[in-house]
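Colleague: Could you take me through a close look at a single part of this model, and then show how that part sits within the rest of the chain?

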Amino acid sequence: MTTPRLGPVRPQVSPLPPARARVAHALAELGPAVALSALVDRLGGHPNATRAHLEALQVAGFATADPLPSQGRGRPALGFTLTASGESALRGDPAVSAYAELVGALAAHLDREPDAAAQAHAIGRAWGQAKTTNPAPASAVRLLSDLGFSPAVEGRTVWLRTCPLLDAAENHPEVVCAVHAGLVQATSGDADAALAPFAVPGACRIEFSA
């Protein structure tokens, strides 16, 4: 006889990565036939990052792209629409929004502590140490990509063009961004790596020391 498992089990769905889920949610709110420029205005970040998520949604059958009415010469822009499958994917996977809400609640609680930034940084370092066995800048960049930050590397500088926890980061930057700073330092093995939140419109910046 099989002993029943106690506690929750993993949902039998394929969750969208957090950054891609944000694009899908924006399509659901703005659609149908949403131009890339409208999505970038809503989400921020670099247009190429949003375009890449749109292409992935199309490959998965979660979005379609059709030409918008021509505004003159040249190839008409595309309008993107979330499909019924895309809507089902969002409804069937509450993990992304629940995770964001949990992080927001934890950040709000920690933000009331006198040493909130130091505690958050320590949490990030512990998280990073658990996520990698080979600390290196490349390891940090891969993890940031997996987490939905759409990193773009320019020498020792890495631009984070999207943020899966943007609401929490804007409301509690000293906590959320300190967690991410600790994560980057631990996974990169660079204790001097510096994270500059909202360094430029649409991006945060990481500077590695080497």
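Which residue in β5 is the bridge partner of A152?

Modeller: The partner of A152 is W159 in β5. Before going further, please keep in mind that this is a predicted model, in which local features need pLDDT of at least 70 and side-chain atom pairs count only at pLDDT 80 or more, whereas totals for chains, interfaces and linings use all residues. Residues are numbered from 1 along each chain as its sequence is written, and side-chain values use heavy atoms, with hydrogens and water left out.

The pair of A152 and W159 belongs to an antiparallel arrangement in which four bridges join β4 (residues 151–154) to β5 (residues 157–160); strands are DSSP runs of E with at least two residues, helices are runs of H or I with at least four, both numbered from the N terminus, and two strands pair if DSSP finds at least two bridges between them. The hairpin has two residues between its strands, and G155 takes a positive phi near 65 degrees there.

From β5 one can follow the packing inwards, since L160, together with I206 and F208, touches the most other members of the largest nonpolar core, which has 25 residues. Such a core is a set of buried Ala, Val, Leu, Ile, Met, Phe, Trp, Tyr and Cys residues joined through side-chain atoms within 4.5 Å, where buried means under 20% relative accessible area, exposed means over 50% and partly exposed lies in between, with a 1.4 Å probe and protein chains only. At least two residues of this core come from each of α5 (95–110), α6 (116–131), α7 (137–147), β5, α8 (166–171), α9 and β7 (203–207), and α9 gives the most, with six residues. Beyond four places in sequence, the residues that I206 touches include R156, T157, V158 and L160, as well as L144 and V184, a contact being heavy atoms within 4.5 Å. A second, separate core of 19 residues includes A24, L39, A63 and A89.

Two residues show how helices α6 and α9 can be examined in more detail. G124, in α6, is buried at 0% relative accessibility, and its contacts beyond four places in sequence are V179, G182 and L183. Its C-alpha lies 9.3 Å from that of C177, although the two residues are 53 apart in sequence. Q185, which lies in α9 (residues 173–188), is likewise buried, with a relative accessible area of 12%; its side chain makes a polar contact of 3.0 Å with the side chain of H121, meaning a pair of N or O atoms within 3.5 Å, of which, within protein, one must be able to donate a hydrogen and the other to accept it, with residues adjacent in sequence counting only if both atoms are side-chain atoms.

Elsewhere in the chain, three strands form an open antiparallel sheet in the order β1-β3-β2, with β1 (34–35) and β2 (63–67) at the edges, each pairing on one side only. As a whole, the chain has nine helices and seven strands, and 37% of its 210 residues count as buried.
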